[in-house]
Amino acid sequence: MHITAEKIKEAAEALESTELKSFMFQEPTAGPLTRRRRSSRSTGRSRRSTRGTRRSTRGTRRSTRGTRRSTRRSTRRSTRGTRRSTRGTRRSTRRSTRGTRRSTRRSTRGTRRSTRRSRRSTRRSRRSRRSTRRSTRRSRRSTRRSRRSTRRSTRRSRRSTRRSRRSTRRSRRSTRRS
């Protein structure tokens, strides 16, 4: 049995309800210890009053016991509930942390894959750009060459036409003279 503040309070209340308090705080010169017997009526009244006080103290004791039991039960239940709730929160936090870890792993994997794909696509696009540049350069060169060749051919044809004209003129002149 542990002495607690609640028990001390209950004991003090029980003392207040009984006649012990008045006896405790009597002066030492209150009179002789042996009391004279008074009339039977007064003694009967005092007995009845003491019985009533005893009954009331018993009732208070019982009520205090019941309140103690109920408080103990409620505290036990509350502690059990808190333990259960803490267990549940721990489990939920573990699950949530696992889920977040998995999701972060998946997301990192996805980002890695996407970066790899994007790198590959950029490499391919660079290659295709290079090839298109090369092809455009080649086509430009070929067009330049063809232009040059057409220019040359037109020049040659012009020269040949001029020469043929000159020769025809000369021949006409010679025939007129003759």
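Confidence in this predicted model is uneven across the helices of the protein: helix α2, residues 20-24, has the lowest confidence, with a mean of 64, whereas α1 has the highest, with a mean of 84. Over the protein as a whole the average pLDDT is 80, and 78% of the residues reach a score of at least 70. Where pLDDT is low, the predicted coordinates should not be read in detail.

With that caution in mind, the overall architecture can be described. The protein contains 3 helices and 0 strands, and the order of elements along the sequence is α-α-α. Of its 178 residues, 2% count as buried, and the protein exposes about 18500 Å², of which carbon and sulfur atoms supply 45%.

A single residue, E10, lets the reader look at burial in detail. E10 lies in helix α1, which covers residues 5-17, and this helix is the one with the highest mean confidence, 84. E10 counts as buried because its relative accessibility is 18%, and buried means under 20%. As for what surrounds this residue, once the neighbours within four places in sequence are set aside, E10 is in contact with T64 and R68.

Methods
Residues are numbered from 1 along each chain as its sequence is written. This is a predicted model: local features need pLDDT of at least 70, side-chain atom pairs count only at pLDDT 80 or more; totals for chains, interfaces and linings use all residues. Side-chain values use heavy atoms; hydrogens and water are left out. Helices (H or I, at least four residues) and strands (E, at least two) are DSSP runs, numbered from the N terminus. Buried means under 20% relative accessible area, exposed over 50%, partly exposed in between (1.4 Å probe, protein chains only). Accessible areas come from the Shrake-Rupley method with a 1.4 Å probe; for residues, only the protein chains shown count as cover. Contact means heavy atoms within 4.5 Å. pLDDT is the predictor's confidence in each residue, from 0 to 100.
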